[in-house]
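Welcome! Open your viewer, keep the selection box handy, and let's take a short walk together.

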Amino acid sequence: MASFWLVSPSPTFLKPSFSLSRTLSAGASSSSSSSYNPVTITSSSSNAPNTNPYPNASLLLLGPFSQRRRRWSPSCVKFDLRRRAHVSRSSSSASTGAEKDDDEAAAKVSVEGSTWIDLYLPRQARPYAKLARLDKPIGTWLFAWPCMWSITLAATPGVHLPDIKMLTLFAFGALFVRGAACTINDLLDRDIDAMVERTKSRPLASGVLTPFQGLCFLGFQLLLGLGLLLQLNNYSRVLGAAWLLLIFTYPLMKRLTYWPQAYLGLMMNWGGLLGWAAVKGTIDPAIMLPLYISGVFWTLVYDTIYAHQDKEDDVKVGVKSTALRFGDSTKKWITGFGIMCITSLALAGYNAEIGWAYYASLGVASGHLAWQIWTADLSSPLDCNRKFVSNKWFGAIIFIGILLGRLLP
């Protein structure tokens with residue numbers, strides 16, 4: 001391929017120190033020239049119009065393998081420098097644009113991955129809010145629903161609504177107790193959490209908070225819970241104190257048994273007993289025992305699905321769960337748990353002489369449980385978490401059914 005150089009003929013700028021071996025004249029044959037030989041084309045003195053925008057210039061074609069020396073012209077140098085400067089600016093602009101796009105994409109991902117805690121709370125408060133799982137309210141819902149069920153079930157049949165004060169107290173109580181339970185769990189499991197992909201970024205496992213800071217925060221949460229517990233009757237206070245035993249010992253169960261989800265069910269649904277006692281001052285075993293058992297079986301369903309997220313890490317770390325215990329038979333087991341949950345709820349409603357609307361809600365709740373179990377992809381952590389979170393709607397369906405069953409006997 002030939003290289004082309006535009007050169008000015010002015011003697012000031014170009015005085016070739018060599019003579020060309022071949023020259024194209026008006027009568028020479030163009031086929032005799034080689035693409036590897038330098039050729040000079042000079043303008044003709046004919047009357048034909050000159051289409052060259054530079055009439056005083058000549059075009060020097062030098063073969064790329066020519067060994068002859070030539071002198072660079074300033075105009076050529078200036079053109080080359082301008083070209084290089086333009087390419088440099090273009091490359092720099094493209095590089096800057098790419099870096100800007102990367103920064104914007106990273107910022108977008110960061111914002112999308114952020115929670116309201118990262119966006120609105122002061123930096124010093126964020127680790128404590130995450131330690132209490134304030135950015136994941138599903139745990140609070142699962143603590144609160146059994147309390148709401150029993151308080152509403154304890155209401156007088158007819159036009160009387162459940163005790164709004166009790167519903168409010170137990171809503172805040174579920175928030176505080178759930179936060180304290182998470183703090184206790186993270187204090188005891190911080191070494192294990194650091195080895196599990198899903199939990200290694202928790203404040204205590206990652207080292208953002210020290211164990212001493214976690215203990216201080218736990219004391220603060222327990223004081224808040226105590227302030228609510230003192231609003232209740234003495235019978236409820238005793239039940240509340242007994243609840244702490246379950247909360248403090250639950251994190252140890254995964255080291256001892258393949259059934260920590262059953263123990264979690266005892267802990268999560270203890271608030272149901274507490275809610276009835278706060279309204280009635282005592283416990284009615286015929287109603288509350290089936291209601292409590294139904295909550296335990298419900299927990300076995302949703303937390304077994306949830307445990308499938310970590311089953312590979314659990315094997316490496318050496319902790320136990322029903323997900324590992326059941327393995328490929330998980331759906332058969334949780335189907336049985338779901339049937340026992342609905343049956344116990346029906347028995348509790350029957351003993352409480354509740355209205356027909358409650359049983360209609362049980363039909364809807366049964367469909368929701370069946371959907372969870374049949375469609376759960378136990379090999380997908382994302383789908384397991386999605387099914388787990390959907391249980392807030394199961395709790396809401398039962399609550400609405402109890403409310404309507406009391407208002408419409």
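Start by selecting D189 and the residues around it: leaving aside neighbours within four places in sequence, D189 is in contact with P251, K254 and R255. Keep in mind as you look that this is a predicted model. D189 itself sits in the loop that joins α5 and α6. Is D189 buried or exposed? Its relative accessibility is 2%, and because buried means under 20%, D189 counts as buried.

**Along helix α9**

Next, select residues 234–256, which make up helix α9. Try the distance tool on the C-alpha atoms at the two ends: they are 34 Å apart. At 1.5 Å a residue, the 23 residues of α9 should span 33 Å, so the two values agree.

Now zoom in on the start of α9. Here a side-chain oxygen of N233 comes to within 3.3 Å of the backbone nitrogen of Y235.

Then travel along the helix to Y250. What happens to α9 at Y250? The helix bends there by about 45°, and a proline, P251, follows within four residues. You have met P251 already, as one of the contacts of D189.

Colour the buried residues of α9 next; among them are S236, L239, W243, Y250, P251 and K254. Which elements cover them? Show α4 (138–153), α5 (164–188), α8 (211–229), α10 (260–268) and α11 (270–280), which are included in that cover.

**Into the largest pocket**

Turn on a surface and look for the largest pocket, which holds about 1,200 Å³ of space. To find its centre, select R198, R202, Y306, Q309 and D310, the closest to that point of the 50 residues in the lining. Helix α9 turns up here too: it is among the elements that each supply at least two residues of this lining. Others to highlight include α6 (190–193), α12 (285–307), α13 (311–317) and α17 (381–389).

**A closed space to finish**

For the last stop, hide the surface and look inside. How many cavities of 30 Å³ or more are there? The count is 1, and the largest cavity has a volume of about 40 Å³. Select P146, W149, N269, G272, L273, M288, L291 and Y292 to see what lines the largest cavity. Two or more of the lining residues come from each of α4, α11 and α12. Of the elements, α12 gives the most, with 3 residues.

Conventions. Residues numbered from 1 in each chain as written. Predicted model: local features only at pLDDT ≥ 70, side-chain atom pairs only at ≥ 80, totals over all residues. Heavy atoms only, no water. Expected span 1.5 Å × (residues − 1). Bend = angle between axes of the 7 residues up to and from the residue. Buried < 20%, exposed > 50% of the residue type's maximum accessible area, 1.4 Å probe, protein only. Contact = heavy atoms within 4.5 Å. Polar contact = N/O pair within 3.5 Å; in protein donor to acceptor, adjacent residues only side chain to side chain. 1 Å grid on protein atoms, 1.4 Å probe; cavity = no way out; pocket = protein on both sides within 12 Å on 5 of 7 lines; lining within 4 Å. Points joined across faces, edges and corners; volume = space filled by probe spheres on them.
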